[in-house]
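Me: Please take one part of this model and go through it closely. I would like a connected account, from the loop that leads into that part to whatever it packs against.

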Amino acid sequence: MRSKHFICEILLFFVVFSAVSMKKYARTDFVMGTVLNIQFFSNKKNAAQILDKVFDIAVEYDKVYSSKQTYGEIYRLNQTGFTDNPDIYAMLTEADFYNRATGGVFDYTLFPLIQLWNIENASSPPHSEDIANTLKKCGTDKIRFENGKVILSENAAVDVGGIAKGKILQLISDYLKSQGVDDFIINGGGDIVLSGLFNGRRKWNIAIKDPFSENDVIGYIQTTNITIVTSGDYERFFVAADGNRYHHILNPKTGYPAQSGISSVTVISADSVCADALSTSLFVMGKDAGIEFVNKYENAEAIFVGEDNDCRVIAYSSGISEKSINGMRYFTVEQN
């Protein structure tokens, strides 16, 4: 009996020693048109090389999924109307799934409209007639999937910005786990993938930004092994001469920035692509339709933020609970 206890004590020593000896590795760089930050804890000898490879993956797939850069495979598809690239085929069929799942709210054919608005450089909205004419160029009826090939018709053009980041972050996550790195956080411009524990000790605490304040947060999510993505009207926008504010999340039915009565939506899902796609879709839907949708959707939860000065959080889905610690809201996601 004593020998068993001695063996257990030795095993416990090695487990504790391993956790304590883990070193933090971190790197930040500008990739995918945003700031990508990777942090993980590991005692592997090749951890620095693993970290470098992560950024190689991001650069590699950014070249595949870009619709705005001439090196992008999506850019080439929009120019030629055809591709048999397996990565593009897989990405667009996944985008098509979310288009159908959301009743067309997630629309990956809005690239002509995105170009028309040119939110990053604009100072005034396009004319309504131009918006109406451009909308006619959009629509999934102009996309065909045939035996691994994607064919565009009627000068259609696609954009996978609504899910590409989620896909790339998922690929990074899969690579880290394949290398035996389990405790990490990936932050791609606010799209966050979590795994394991912070330094092997506790779940991750992720802040939900207050859309109306540069430095304030409205609460924290305590969780792990999940993706958290926030979409909001405060991320990219311009204010026109008439005082109206125009943001980058377009409603495919109107052609204008979505006016859904909310300021941001945070989606939590084990599927990074799902979290990316639904954060945009739920923002366009708004609180009531968004809550109804996500409560029926098995793979995601969501927190809706509005202009209520008293609480900011105006609704959240049925799989989320909250508590208050020292006056701050903490949200917990039910996980199977």
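**Helix α7 and its surroundings**

Reply: Asn155 is exposed, with a relative accessible area of 73%. This residue of the predicted model sits in the loop between β5 and α7, and its phi is positive, about 60 degrees, although Asn155 is not a glycine. The loop between β5 (149-152) and α7 (164-178) also holds Glu154. Glu154 is another non-glycine with a positive phi, of about 55 degrees, and its relative accessibility of 57% means that it counts as exposed, because the cut-off for that class is over 50%.

On the other side of β5, Asn147 belongs to the loop between β4 (143-146) and β5. Asn147 is exposed too, at a relative accessible area of 76%. Its C-alpha atom is 8.8 Å from that of Asp84, although the two residues are 63 apart in sequence.

The helix itself comes next. With 15 residues at 1.5 Å a residue, α7 should span 21 Å, and the distance of 21 Å between its end C-alpha atoms agrees with this. The buried residues of α7 include Ala164, Ile168, Leu169, Ile172, Tyr175 and Leu176. Some of that spacing fits a general rule: an α-helix has 3.6 residues a turn, so residues three or four places apart point the same way. Gly166 and Ser173 of α7 are buried as well. After the helix comes Gly180, with a positive phi near 80 degrees.

What do the buried residues of α7 pack against? Their partners are the strands β2 (34-42), β6 (183-188) and β7 (191-195), together with the helices α2 (47-65), α4 (86-101) and α8 (272-285). Relative to the strands, α7 lies across β2, β6 and β7 and runs at about 160 degrees to β6.

β6 is largely enclosed by the rest of the structure, because five of its six residues are buried. It pairs with β2 in the antiparallel sense over six bridges, and Ile38 has Ile186 of β6 as its bridge partner. β6 is also joined to β7 by five bridges, again antiparallel, with Phe184 bridged to Ser195 of β7. The β6-β7 hairpin has two residues between the strands, and in it Gly189 takes a positive phi near 60 degrees.

These strands belong to an open sheet of eight, with antiparallel pairing and the order β1-β2-β6-β7-β10-β13-β14-β15. The edges are β1 (23-31) and β15 (313-316); each has a single partner strand, so one side of each is without a neighbour in the sheet. On average, neighbouring strands are turned by 10 degrees against each other, direction ignored. At the β1 edge, nine bridges join β1 to β2 in antiparallel fashion, and Arg27 is bridged to Ile38 of β2. α2 lies across β1 and β2, at about 20 degrees to β1.

The last partner to follow is α8. It packs with helix α9 (residues 287-296) at an angle of about 135 degrees, the axes being 6 Å apart, which means that α8 is oblique to α9. Leu278, Leu282 and Met285 of α8 meet Lys287, Ala289, Gly290, Phe293 and Val294 of α9 in this contact. By class, the contact has six nonpolar residues, one polar and one charged.

Methods. Residues are numbered from 1 along each chain as its sequence is written. This is a predicted model: local features need pLDDT of at least 70, side-chain atom pairs count only at pLDDT 80 or more; totals for chains, interfaces and linings use all residues. Side-chain values use heavy atoms; hydrogens and water are left out. Helices (H or I, at least four residues) and strands (E, at least two) are DSSP runs, numbered from the N terminus. Buried means under 20% relative accessible area, exposed over 50%, partly exposed in between (1.4 Å probe, protein chains only). The expected span of a helix is 1.5 Å times one less than its number of residues. Contact means heavy atoms within 4.5 Å. Axes are lines fitted to C-alpha atoms, for helices over the stretch in contact, and angles run from 0 to 180 degrees between N-to-C directions. Angles under 35 degrees count as roughly parallel, over 145 as roughly antiparallel, 65 to 115 as roughly perpendicular and the rest as oblique. Ala, Val, Leu, Ile, Met, Phe, Trp, Tyr, Cys and Pro count as nonpolar, Asp, Glu, Lys and Arg as charged, and the others, Gly among them, as polar. Two strands pair if DSSP finds at least two bridges between them.
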